Amino acid sequence: MSAIIDLLRQEHRSQARLLKALEHQLAVFDRGETPDYEVFGGVLDYCRTYADRYHHPKEDLVFDRLRLRDPAAAEAFGDLAGEHVALAELTGRLAAAVSDVLAEAEIPRVRFHSLARDFLEHYRAHMRKEEEIFFPAALKALTEEDWKELDGRVTSPADPLFEGAAEERFGPLRKHLLAWDAETKAAEG
Ligand SMILES: [Fe+2]
Ligand SMILES: [Fe+2]
């Protein structure tokens, strides 16, 4: 077992919740109503300050070791670092569009929609591919010593949204997620 893979999977679950929240706001936008742009902004802020800075680098580190232990498996996965760069670009593009909307700049609805859809689809496909191909291959190929050594090299601060008290700037997003969880539970119950 690997503590790093456990953490990566847990981060994927958090990320999936955020994507759902964003998708929900996109549906509001698509109905012609005003979405909660604070949710959009918060999700993208989280992607840039946590996923891009701490989640993806941890994966890159594990992937480098996989390339060493099982080059064929790494090759079969493809270009992990390249996918991370592409995701960061999509995040930046959507964040810029959200800023434009908030600044009341004219941005065609269809463009905003397609940027958000692109972002959601790429993020989800990327995480799925990691869960289905990358993580199992790493668990199979890396040794106990590898994991121990990587554990010592990984730097990961507390998650600013999901761990402990959310950082102040993530407060509104956290509140939104909790309210939404409660709503979903009530609807299911
Ligand atoms: Fe990744
Ligand atoms: Fe990931």
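**A two-iron site and the nonpolar cores**

Along the sequence, the residues that donate to the iron ion (ligand 1) follow the spacing E-x24-H-x41-H-x3-E. In this predicted model, the donor atoms are supplied by Glu 59 (OE), His 84 (NE2), His 126 (NE2) and Glu 130 (OE), at 1.9 to 2.2 Å from the iron ion (ligand 1). The angles subtended by these 4 donor atoms run from 80 to 171°, and the arrangement is therefore irregular. A tetrahedral assignment would require all angles to lie between 85 and 135 degrees. Within this site, Glu 59 in helix H2 and Glu 130 in helix H5 form a pair that links distant parts of the chain, 71 residues apart. Both Glu 59 and Glu 130 are buried.

The iron ion (ligand 2) is held by His 12 (NE2), His 55 (NE2), Glu 59 (OE) and Glu 130 (OE), again at 1.9 to 2.2 Å. Here the 4 donor atoms subtend angles of 81 to 169°, so this arrangement is irregular as well. The donor residues of the iron ion (ligand 2) are spaced H-x42-H-x3-E-x70-E in sequence. Distant parts of the chain are linked by the pair of His 55, in helix H2 (residues 37-69), and Glu 130, in helix H5 (residues 109-141), which are 75 residues apart. His 55 has a relative accessibility of 6% and therefore counts as buried. For Glu 130 the relative accessible area is 0%, so this residue is buried too.

A distance of 3.1 Å separates the iron ion (ligand 1) from the iron ion (ligand 2), and Glu 59 coordinates both. Glu 130 is likewise listed among the donors of the iron ion (ligand 1) and among those of the iron ion (ligand 2).

His 84, a donor to the iron ion (ligand 1), is located in helix H4 (residues 80-102). Its relative accessibility is 6%, so His 84 counts as buried. When residues up to four places away in sequence are not counted, His 84 touches His 56, Glu 59, Asp 60, His 126 and Glu 130. Of these contacts, Glu 59, His 126 and Glu 130 also coordinate the iron ion (ligand 1).

Ser 14 belongs to helix H1 (residues 3-30). With 12% relative accessibility, Ser 14 is classed as buried because the limit is under 20%. Ser 14 and Ser 99 are 85 residues apart along the chain, and their C-alpha atoms are separated by 24 Å.

In soluble globular proteins, nonpolar side chains tend to be buried together. The largest nonpolar core in the model has 34 residues, of which Phe 40, Phe 112, Phe 119 and Leu 173 touch the most other members. At least two residues of this core come from each of H1, H2, H4, H5 and helix H7 (171-188). The most is given by H2, with 9 residues. Phe 112 touches Phe 29, Tyr 37, Phe 40, Leu 94, Ala 97, Val 98, Val 101 and Ile 107, residues up to four places away in sequence not being counted. A second core, separate from the largest, comprises 19 residues, including Ala 73, Leu 80, Trp 147 and Val 154.

Technical notes:
Residues numbered from 1 in each chain as written. Chains lettered and ligands numbered in written order. Predicted model: local features only at pLDDT ≥ 70, side-chain atom pairs only at ≥ 80, totals over all residues. Heavy atoms only, no water. Donors = N, O, S within 2.8 Å, 3.2 Å for Na, K, Ca; no water. Tetrahedral: all angles 85-135°; square planar, octahedral: opposite > 155°, others 65-115°. Helix = DSSP H or I, 4+ residues; strand = E, 2+ residues; numbered from the N terminus. Buried < 20%, exposed > 50% of the residue type's maximum accessible area, 1.4 Å probe, protein only. Contact = heavy atoms within 4.5 Å. Core = buried A, V, L, I, M, F, W, Y, C linked by side-chain atoms within 4.5 Å.
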